[in-house]
Amino acid sequence: MKYSILGSGSKANSYLFSNALSSCILDNGYSFNEFSKRAKSLNYDLTKFKFILVTHTHKDHISGVKVSAKKLKIPIYIHKNSDYFEYFKKEKLEIRLIETNKIYSYNSFSFIAFKTSHDAPASVSYSINFDNTTFTVITDTGYITKEMIYYAKNSDVLFLEANYNPQMLKEGPYPLYLKKRIESDKGHLSNINAINFLNYLSKKNSRIKIVYFCHLSEINNNPEILKKDILVNGKFDFNYIICPRNQIQDGITIFDNNKSNANSNNIAQENSKTLKNISNLDILEDNLLF
Ligand SMILES: [Zn+2]
Ligand SMILES: [Zn+2]
């Protein structure tokens with residue numbers, strides 16, 4: 001089993017997940033050349049990629065999706081109410097439309113999409129399960145919802161946005177409208193939002209084994225500032241890694257539940273069971289702000 005961040009931040013985002021049978025991609029903001037170069041440098045076999053999950057249609061997540069789906073000849077999963085048509089029209093692509101809080105299985109993976117609060121139509125993110133391991137990506141959201149708490153808590157690996165340091169944003173060069181957009185309920189999570197969320201999760205019997213702080217802003221954050229914010233405000237006891245903007249980060253395998261001998265359908269069914277347990281919650285409509 002293997003997972004990696006090909007890069008994250010305001011320019012381009014992409015995450016890869018792989019086991020003995022197949023691999024999948026979550027978002028791709030990179031050109032196909034750059035994507036291939038980065039994936040190969042981490043020893044991914046391009047022929048093993050079977051599908052792409054898309055969170056939302058902002059450029060840093062979608063600009064490389066069309067070409068990679070075409071070149072790799074693989075389907076794209078995207079929310080049915082998103083503006084996918086704008087991006088994929090006239091193209092011979094296999095688009096699979098999904099809904100939130102429904103479990104999908106494909107190849108040896110199961111995944112479930114949940115709502116994010118962001119300024120793109122029907123923006124979502126995902127919890128992915130394979131080889132008995134659950135990965136949840138929470139980025140591009142203005143706040144943390146109760147659903148997110150549940151998915152994060154039941155994950156082995158959490159990719160969490162720490163987009164900006166509030167003071168840097170306030171004093172930085174961005175125009176006022178952009179500052180307001182970033183810190184709005186439909187913008188991004190700040191370092192403090194992310195840290196408070198982890199402080200909360202660490203008191204809640206969480207399964208998390210490692211947290212990757214990602215989607216750091218180039219202008220309004222940096223790894224040193226985030227580290228300082230964590231040292232001052234962090235009360236959580238999770239292992240964590242700060243992912244500098246646009247840098248490759250290979251995942252650490254701190255557990256190995258590889259079931260490479262079973263056939264892929266069985267694995268997908270097993271994974272669905274895990275996600276079903278996760279999704280079997282009273283999803284409350286009101287939200288918690290962190
Ligand atoms: Zn983004
Ligand atoms: Zn976005």
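**Figure 1. The whole chain, and how much of it is held together by distant partners.** Among contacts in the protein with a separation of 6 or more, 69% join residues 24 or more positions apart. What you are looking at is a predicted model. It holds 10 helices and 14 strands. Of its 290 residues, 48% count as buried.

**Figure 2. Where the predictor is confident, and two stretches where it is not.** The mean pLDDT of the protein is 91, and 88% of the residues reach 70 or more. Residues 258–262 are another story: their pLDDT is below 50, though the model still gives this stretch eight contacts beyond near neighbours in sequence. Have a look at residues 281–286 too, where pLDDT stays under 50. For that second stretch, the model has four contacts beyond four places in sequence.

**Figure 3. Helix α8 and the elements around it.** Which residues of α8, the helix running over residues 191–201, are buried? They are N191, N193, A194, I195, F197, L198 and L201. Follow that list along the helix and you can pick out pairs such as N191 with A194, or F197 with L201. As a rule, an α-helix has 3.6 residues a turn, so residues three or four places apart point the same way. The buried residues of α8 pack against two helices, α5 (146–153) and α9 (223–233), and two strands, β11 (157–161) and β12 (210–214).

**Figure 4. A closer look at α8 against α9.** Two packed helices are described by the angle between their axes and the distance between the axes. Here α8 and α9 pack at an angle of about 40°, and their axes are 10 Å apart. That angle makes α8 oblique to α9. The crossing of α8 past α9 is right-handed. On the α8 side, the contact is made by N191, I192 and I195; on the α9 side, by L226, D229, I230 and N233. What mix of residues is that, by nonpolar, polar and charged? The contact of α8 with α9 has four nonpolar residues, two polar and one charged.

**Figure 5. Helix α5, one of the partners of α8.** We met α5 above as an element that the buried residues of α8 pack against. Why is α5 described as largely enclosed by the rest of the structure? Because six of its eight residues are buried. Those buried residues are E147, M148, I149, Y150, Y151 and A152.

**Figure 6. S23 in strand β3.** S23 lies in β3, the strand covering residues 23–28. Is S23 buried or exposed? It is buried, since 25 other C-beta atoms lie within 10 Å, and the cut-off for being buried is 20 or more. Leaving aside neighbours within four places in sequence, S23 is in contact with L16, F17 and S18, and also with Y44, K48, F49 and K50. F51 is 28 residues from S23 along the chain, yet their C-alpha atoms are separated by 7.7 Å.

**Figure 7. Two loop residues with positive phi.** Most residues other than glycine have a negative phi. A122 goes the other way, with phi near 45°. You can find A122 in the loop between β8 (109–115) and β9 (124–130). It counts as buried because it has 20 C-beta neighbours inside 10 Å. H215 also has a positive phi, of about 55°, although it is not a glycine. Its place is the loop between β12 and α9. H215 counts as buried as well, with 29 C-beta neighbours inside 10 Å.

**Figure 8. K37 in helix α1.** K37 sits in α1, which covers residues 32–41. With 13 other C-beta atoms within 10 Å, K37 is partly exposed. K37 and L6 are 31 residues apart in sequence, while their C-alpha atoms are 9.9 Å apart in space.

**Figure 9. P75 in a loop, with its partners from elsewhere in the chain.** P75 is found between α3 (65–72) and β5 (76–79), in the loop that links them. It has 15 C-beta neighbours inside 10 Å and so counts as partly exposed. Which residues does P75 touch, not counting those up to four places away in sequence? They are F51, E94 and R96. Look for I52 as well: it is 23 residues from P75 in sequence and 6.4 Å away in space, C-alpha to C-alpha.

Methods: Residues are numbered from 1 along each chain as its sequence is written. Chains are lettered from A and ligands numbered from 1 in the order in which they are written. This is a predicted model: local features need pLDDT of at least 70, side-chain atom pairs count only at pLDDT 80 or more; totals for chains, interfaces and linings use all residues. Helices (H or I, at least four residues) and strands (E, at least two) are DSSP runs, numbered from the N terminus. A residue is buried if 20 or more other C-beta atoms lie within 10 Å of its own, exposed if 12 or fewer, and partly exposed in between; C-beta atoms are placed from the backbone. Two residues are in contact if their C-beta atoms, placed from the backbone, lie within 7 Å. pLDDT is the predictor's confidence in each residue, from 0 to 100. Axes are lines fitted to C-alpha atoms, for helices over the stretch in contact, and angles run from 0 to 180 degrees between N-to-C directions. Angles under 35 degrees count as roughly parallel, over 145 as roughly antiparallel, 65 to 115 as roughly perpendicular and the rest as oblique. A crossing is left-handed if the near helix is turned anticlockwise from the far one by less than a right angle, and right-handed if clockwise. Ala, Val, Leu, Ile, Met, Phe, Trp, Tyr, Cys and Pro count as nonpolar, Asp, Glu, Lys and Arg as charged, and the others, Gly among them, as polar.
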